Every structure is written in C-alpha cells, then in structure tokens.
Amino acid sequence: MEIPAKPPEEFTYQERRADLLSQIEDLGHPKLLNQSEQAERFGVSQTQIHKDLDRIAESSREHVADRDRRALTVESVVNRAVIGLLREEKYRKAARTVMEFDEWCQEFQELEELAARISALEEAQGGGR
C-alpha cells in the first residue's frame, strides 16, 4: 500500500499500518520505532500502535509459515543488512547473508512442522483412550 500524502492523523488504520511497516523496514528493527512518538504523530493511543504492530507481525507470519514478531525482527534486520551491503558493493557478503537467512527460514518452518506433527500425534493418542 502506498503511503498517502495527507496528515498522518487522517490515515485509515490500513494506511497507518503501512506507514509503520515502512518505518520498521527503514529503521531495520521494530524496537527502533518509538511507539509513544508514533501515537502522537497519528493521533491515537500508544496501545493502538502496539496493536498495529501486533497486526503487522501477524501479517508477516502469514507470508512465511508461522512467523511471529521474532521473525519480523529477523527479516527487518536482514533486509536492512543486505541493503547496506549492496550499497557498499559487498555483493558476496550480501549473498551469504541472504543464503543464511533462507536456511534460517527453512529451519524455522521445519521446527513448526515438527511441532504440528507432535501435536497431531498427541491428539491422536489422547483421542484413542
């Protein structure tokens, strides 16, 4: 979603979340986003900004199997690192970083699949009693 050219306090919740995500990507880490400052900027409560970040994290999780806020953090930092490396023309380091991130994503997904299989087995075992 494109960030509109209007005062932030007039943003819809979708526009606000798109802007927050853009800021996270620019900063490189969700914790670098000051929630109180954002609440003031958008004319909403800090609690609402916190909820917005939760929804952004949920959306991120949907893009790659079972991702949570930790996955959003990792992805944001890796993206920022890769962009910096590419700007510095450190292409081999950027490629290595992307490959390591891909391995992490695969391992993360495999762990989630394993946990789901264990849960299914436990349910089947409990249901057979």
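**Salt bridges, cores and helices in a predicted model**

In this predicted model, the side chains of D52 and R16 meet in a salt bridge, with 2.5 Å from N to O. The two residues belong to distant parts of the chain: D52 is in helix 3 and R16 is in helix 1, 36 residues apart. D52 has a relative accessible area of 0% and counts as buried. R16 is also buried, at 8%. D52 forms a salt bridge with R17 as well, at 2.9 Å from N to O. Because R17 lies in helix 1 and D52 in helix 3, this pair ties together parts that are 35 residues apart in sequence. R17 is partly exposed, with a relative accessible area of 21%. Together, R16, R17 and D52 are linked in a network of salt bridges.

A search of the whole structure gives six salt bridges. One of the six joins the side chains of E15 and K6, at 3.1 Å from N to O. E15 counts as buried, since its relative accessibility of 14% is under the 20% limit. K6, at 30%, is partly exposed because this value falls between the limits of 20% and 50%.

The protein chain contains five helices and zero strands, and its elements follow the order α-α-α-α-α from the N terminus. Its radius of gyration is 19 Å, whereas a compact globule of 129 residues would have a value near 14 Å. Along the principal axes, the C-alpha atoms fill a box of roughly 60 × 45 × 20 Å. Of the 129 residues, 26% are buried. The accessible surface comes to about 9000 Å², and carbon and sulfur atoms account for 49% of this area. Among contacts between residues at least 6 apart in sequence, 45% join residues at least 24 apart.

In soluble globular proteins, nonpolar side chains tend to be buried together. The largest nonpolar core in the model has eleven residues: F11, L20, I24, L33, A39, F42, I49, L53, I56, A57 and L72. Helix 1 (13-27), helix 2 (35-42) and helix 3 (46-63) each give two or more residues to this core. Helix 3 supplies the largest share, four residues. A second, separate core has six residues, including V82, L85, A94 and C105.

Two members of the largest core, F11 and I24, can be described further. Apart from neighbours within four places in sequence, F11 is in contact with I3, P4, K6, R16, D19 and F42. One of these contacts, R16, is the residue that forms a salt bridge with D52. I24 is found in helix 1. With a relative accessible area of 0%, I24 is buried. Residues up to four places away being left out, I24 touches H29, P30, L33, L53 and S76. S76 is 52 residues from I24 along the chain, yet the C-alpha atoms of the two residues are separated by 7.0 Å.

S76 is among the buried residues of helix 4, which are A71, L72, S76, V78, V82 and L85. Of these, L72 belongs to the largest core, while V82 and L85 belong to the second core. Helix 4 comprises the 19 residues 69-87, and at 1.5 Å a residue it should span 27 Å. The C-alpha atoms at its ends are 27 Å apart, so the model agrees with the expected span. Helix 4 is followed by E89, which has a positive phi near 60°.

Terms used:
Residues numbered from 1 in each chain as written. Predicted model: local features only at pLDDT ≥ 70, side-chain atom pairs only at ≥ 80, totals over all residues. Heavy atoms only, no water. Core = buried A, V, L, I, M, F, W, Y, C linked by side-chain atoms within 4.5 Å. Buried < 20%, exposed > 50% of the residue type's maximum accessible area, 1.4 Å probe, protein only. Contact = heavy atoms within 4.5 Å. Expected span 1.5 Å × (residues − 1). Rg over C-alpha atoms; globule rule 2.2 N^0.38 Å. Areas by Shrake-Rupley, 256 points an atom, 1.4 Å probe, with all protein chains shown as cover. Salt bridge = Lys/Arg side-chain N within 4 Å of Asp/Glu carboxyl O.
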